[in-house]
Amino acid sequence: MKALLDFIPLIAFFIAARHSGILAAAGALLVATIIIYAIHFVRQKGKFDKQQWVVLLLTILFCGGTLLLRDDIYLRWKSPIINGIFAFTLFVSAAINKPLMQLAMKEVFTLTLSGWKKLTVAWALFFAFMGVLHYITAFMMSDEAWINFKTYGWIPIMLVFVVVQFMVLKKHLNPALTDKTVK
């Protein structure tokens with residue numbers, strides 16, 4: 001449900017960009033994000049995780065800057081910077097032997113510290129790659145190409161990455177998750 005709610009701001013962005021331009025899309029993205037995060041806040045009993053705080057605050061900052069200064073350059077920087085922050089954070093966590101993917105996925109997979117570090121670095125590289133793609137589409141391609149990629153172009157790339165990750169890690173699934181006996 002949470003993941004589905006997180007698509008609503010993208011849909012609002014896409015519709016507004018198509019019908020009213022990028023400044024309207026920034027406003028639609030900002031309003032939709034605030035509404036969705038208010039729903040998350042209530043459903044999560046008054047709490048956000050660190051990733052949610054980063055996305056919310058940067059969305060407010062970049063969309064707000066875009067609207068206030070009437071310049072879409074700020075909105076164009078949002079996705080490359082968010083992906084860059086995620087990549088940097090994951091790289092650092094692996095480097096200091098506290099891989100964040102272990103915290104996020106410890107109930108799903110049973111890996112050694114080395115395995116968790118490799119998984120964390122793989123995700124860091126993925127976010128770095130996505131940051132570069134977002135940068136290229138935002139600053140080196142047409143507005144239409146950027147809007148299309150920002151709205152839905154990244155989804156197949158993410159799905160392929162997740163499927164490949166699952167294929168590589170399926171032998172490391174937590175046995176409690178694969179136990180087919182009814183209790």
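1. A residue is called buried here when its relative accessible area is under 20%, and by that standard helix H2 holds a long list of buried positions: Ile22, Ala25, Ala26, Gly27, Leu29, Leu30, Ala32, Thr33, Ile36, Tyr37 and His40. Please keep in mind throughout that this is a predicted model.

2. On the overall make-up, the protein chain comprises eight helices and zero strands, so that its elements, read from the N terminus, run α-α-α-α-α-α-α-α. Its C-alpha atoms fill a box of roughly 55 × 35 × 30 Å along the principal axes. Of the 183 residues in the protein chain, 36% count as buried. When contacts between residues at least 6 apart in sequence are considered, 66% of them join residues at least 24 apart.

3. The largest nonpolar core contains 27 residues, and within this core Leu119, Trp123 and Phe127 are the residues with the most contacts. At least two residues of this core come from each of helix H1 (2-20), helix H2 (22-43), helix H3 (50-69), helix H4 (73-95), helix H6 (113-140) and helix H7 (143-169). The largest share, seven residues, is supplied by H6. Another core lies apart from this one and has 13 residues, among them Ala17, Ala25, Trp146 and Ile147.

4. Phe127, one of the residues with the most contacts inside the largest core, deserves a separate look. If residues up to four places away in sequence are not counted, Phe127 touches Asn83, Phe86, Ala87 and Leu90.

5. Returning to H2, this helix has 22 residues and reaches 31 Å from its first C-alpha to its last, which is close to the 32 Å expected at 1.5 Å a residue. Just after H2, Lys45 takes a positive phi of about 55°.

6. How do H2 and H3 pack, in terms of angle and axes? The angle between them is about 150°, and their axes are 9 Å apart. Because angles over 145 degrees count as roughly antiparallel, H2 is roughly antiparallel to H3. The crossing in which H2 passes H3 is left-handed. On the H2 side, the residues that meet H3 are Leu23, Ala26, Gly27, Leu29, Leu30, Thr33, Tyr37 and His40, and their partners in H3 are Gln52, Val55, Leu56, Thr59, Ile60, Cys63, Gly64, Thr66 and Leu67. Of the H2 residues in this list, Ala26, Gly27, Leu29, Leu30, Thr33, Tyr37 and His40 are also buried.

7. Leu56 can be followed further from that pairing, since its place is in helix H3 and its relative accessible area of 10% makes it buried. Not counting residues up to four places away in sequence, Leu56 touches Thr33, Tyr37 and Phe48. By contrast with those contacts, Leu56 and His134 are 78 residues apart in sequence and 18 Å apart in space, taken from C-alpha to C-alpha.

8. H4 and H6 form another helix pair to check, with an angle of about 165° and axes 8 Å apart. That angle makes H4 roughly antiparallel to H6, and H4 passes H6 in a left-handed crossing.

9. Two residues of H4 invite a side-by-side reading. Is Arg76, which lies in helix H4, buried or exposed? Arg76 is buried, because its relative accessible area is 8%, which falls under the 20% cut-off. Leaving aside neighbours within four places in sequence, Arg76 is in contact with Ile22, Ala138, Phe139, Asp143 and Trp146; of these contacts, Ile22 is itself a buried residue of H2, and Trp146 belongs to the core of 13 residues. Ile73 also lies in helix H4, but at 30% relative accessibility Ile73 counts as partly exposed. The C-alpha atoms of Ile73 and Cys63 are separated by 9.9 Å, the two residues being ten residues apart along the chain.

10. A last point concerns Asn174, which is found in the loop between H7 and helix H8 (175-178). Although it is a loop residue, Asn174 is buried, with a relative accessible area of 17%. Not counting residues up to four places away in sequence, Asn174 touches Glu107, Val108, Phe109 and Thr110.

Notes
Residues are numbered from 1 along each chain as its sequence is written. This is a predicted model: local features need pLDDT of at least 70, side-chain atom pairs count only at pLDDT 80 or more; totals for chains, interfaces and linings use all residues. Side-chain values use heavy atoms; hydrogens and water are left out. A nonpolar core is a set of buried Ala, Val, Leu, Ile, Met, Phe, Trp, Tyr and Cys residues joined through side-chain atoms within 4.5 Å. Buried means under 20% relative accessible area, exposed over 50%, partly exposed in between (1.4 Å probe, protein chains only). Helices (H or I, at least four residues) and strands (E, at least two) are DSSP runs, numbered from the N terminus. Contact means heavy atoms within 4.5 Å. The expected span of a helix is 1.5 Å times one less than its number of residues. Axes are lines fitted to C-alpha atoms, for helices over the stretch in contact, and angles run from 0 to 180 degrees between N-to-C directions. Angles under 35 degrees count as roughly parallel, over 145 as roughly antiparallel, 65 to 115 as roughly perpendicular and the rest as oblique. A crossing is left-handed if the near helix is turned anticlockwise from the far one by less than a right angle, and right-handed if clockwise.
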